[in-house]
Amino acid sequence: MKCHNYTYNSFIIDMTDIANFGTVPNTIAVFIDARSWEGWWYEGAGIYRSVWLYKKSAVHMNIKLKGTCNHHDQAGAGGIKNGTILGVGNGNPNSREEDVAENRQLFHGRAQLIVRNTGVETVEIAVSCGIADMVHVSIPVCETADSVPYILPVQNQILDGWKLYHKLFDEMPDANLQADVNDMNSFEPISFQGTPQPLFEGHPHSYGMYQVTFLLPAQQRKREISFPHVMGAAWVYLNGKLVHDSSRDMETRFVIPLPENLSGTQEMTVILQNKGENLSGCGIIEPVRLNVK
């Protein structure tokens, strides 16, 4: 029925056309091959959460809440009319949340809500994500469609495009250090996926430098740069000016407010120091976000 090659992620199989109905039993066989990949968090393979059988009407709504809020932010329905919630999900293999609820924490900026209509009237849902404003969604019931997708963008976004200097510094580096325009090797692209950066391993008290360039549209709304999880002492510079100093911390999270009149191309530099042997790692752990309030 399905070949799933995405390791830890969950998946759904539509068995309507091949299932036996009535008194004839159904047999499901699952073959798991763990020889091709290596786990990041733990080794092993298998089915490690409950398997659910969903019974849906011919028409149902598959609502994907796609945004880039903090992993600890929640997305879900603030209220629903002419429909019921069948389940929620986010693809997180380690989630301990209930499968049927009105909200779900975001995982890599995504969560999913499956709703079934209770009649032929338009389904009304109030959907929210993190600090984003509540959005009222109206989904007409279409009897000729198997499902009606709806994508909700949120106003928070991950700050992508980060680069990490290819080696560490023994002393505090110059925050205005810039690579030559033809230098493609000094700063290497990097993404933050929940683990410390390996570059710091075995180098206590050393400094690492991160840089990112991003475009900030002109708008009169409160905006901030959020660092949900940082390990090590941190100094943050915006356009060459020091805007944050958490040099006394070993592990922290912080938010940097942005001036309301700030717009155009911005350059941000982050310098981290590996505080010592007692820290389990050093680096920017969670994705950095641009929040709009």
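## A strand-built chain and its aromatic core

In this predicted model, Ile 158 stands opposite Arg 289 in β19. That pairing is a handy way into a chain that has 19 strands and zero helices. Of its 293 residues, 40% count as buried. The points below go from the overall picture to the sheets, the aromatic pairs and the cores.

**The chain as a whole**

- Among contacts in the chain with a separation of 6 or more, 74% are between residues 24 or more positions apart.
- The chain has an accessible surface of about 17900 Å², and carbon and sulfur atoms account for 50% of that area.

**Around strand β19**

- β19 covers residues 289-292, and both of its faces are covered. Arg 289 and Asn 291 are buried on one side, while Leu 290 and Val 292 are buried on the other.
- β9 and β19 run antiparallel and are joined by two bridges.
- β13 is also antiparallel to β19, and four bridges join these two strands. Here Ile 225 is the residue that stands opposite Leu 290 in β19.
- Next along the chain from Ile 225 comes Ser 226, which also has its place in strand β13. With a relative accessible area of 3%, Ser 226 is buried.
- Setting aside residues up to four places away in sequence, Ser 226 touches Phe 254, Val 255, Pro 287, Val 288, Arg 289 and Asn 291. Two of these, Arg 289 and Asn 291, are the buried pair on one side of β19.

**The six-stranded sheet**

- Six strands make up an open sheet in the order β11-β10-β12-β17-β14-β15, with antiparallel pairing.
- At its edges are β11 (187-189) and β15 (241-246), each of which pairs on one side only.
- From one strand to the next, the twist averages 25°.
- At the β15 end, β14 and β15 pair in the antiparallel sense over five bridges. Within β15, Leu 242 is the residue opposite Tyr 237.

**Aromatic pairs**

- The model contains seven aromatic pairs.
- One of them joins Trp 162 and Phe 227, with ring centres 6.3 Å apart and planes at 70°; because that angle is over 60 degrees, the pair counts as edge-to-face.
- Trp 162 sits in the loop between β9 (157-158) and β10 (163-165), whereas Phe 227 belongs to strand β13 (residues 223-231), so their pairing ties together parts that are 65 residues apart in sequence.
- Trp 162 is buried, at 2% relative accessibility, and Phe 227 is likewise buried at 2%.
- In another pair, Tyr 207 and Trp 235, the ring centres are 6.1 Å apart and the planes stand at 40°, so this pair is tilted.
- Tyr 207 lies in strand β12 (residues 207-216) and Trp 235 in strand β14 (residues 233-238), so this contact links parts that are 28 residues apart in sequence.
- Both rings come from buried residues: Tyr 207 has 13% relative accessibility, and Trp 235 has 12%.
- Trp 162 and Phe 227 also belong to one aromatic cluster together with Phe 192, Tyr 210 and Phe 254.

**Nonpolar cores**

- As a general background, nonpolar side chains in soluble globular proteins tend to be buried together.
- The largest nonpolar core here holds 27 residues, and those touching the most other members are Trp 162, Tyr 210, Ile 225, Phe 227, Met 268, Val 270 and Leu 272.
- β12, β13, β14, β16 (251-258) and β17 (264-273) each supply at least two residues of this core. The most come from β12, which gives four.
- What does Phe 227 contact, leaving aside its neighbours within four places in sequence? Its partners are Trp 162, Arg 253, Phe 254, Ile 256, Met 268, Val 270, Ile 284 and Val 288.
- Apart from the largest core lies another, of ten residues, including Tyr 165, Phe 169, Ala 175 and Tyr 237. Tyr 237 is the residue that stands opposite Leu 242 in β15.

**A buried residue in β7**

- Val 137 lies in strand β7 (residues 135-139) and counts as buried, at 2% relative accessibility.
- Between Val 137 and Ile 80, the C-alpha to C-alpha distance is 9.5 Å, although the two are 57 residues apart in sequence.

Note on methods
Residues are numbered from 1 along each chain as its sequence is written. This is a predicted model: local features need pLDDT of at least 70, side-chain atom pairs count only at pLDDT 80 or more; totals for chains, interfaces and linings use all residues. Side-chain values use heavy atoms; hydrogens and water are left out. Rings of Phe, Tyr and Trp (its six-membered ring) pair if their centres lie within 6.5 Å; planes under 30 degrees apart count as stacked, over 60 as edge-to-face and the rest as tilted. Buried means under 20% relative accessible area, exposed over 50%, partly exposed in between (1.4 Å probe, protein chains only). A nonpolar core is a set of buried Ala, Val, Leu, Ile, Met, Phe, Trp, Tyr and Cys residues joined through side-chain atoms within 4.5 Å. Contact means heavy atoms within 4.5 Å. Accessible areas come from the Shrake-Rupley method with a 1.4 Å probe; for residues, only the protein chains shown count as cover. Two strands pair if DSSP finds at least two bridges between them. Axes are lines fitted to C-alpha atoms, for helices over the stretch in contact, and angles run from 0 to 180 degrees between N-to-C directions.
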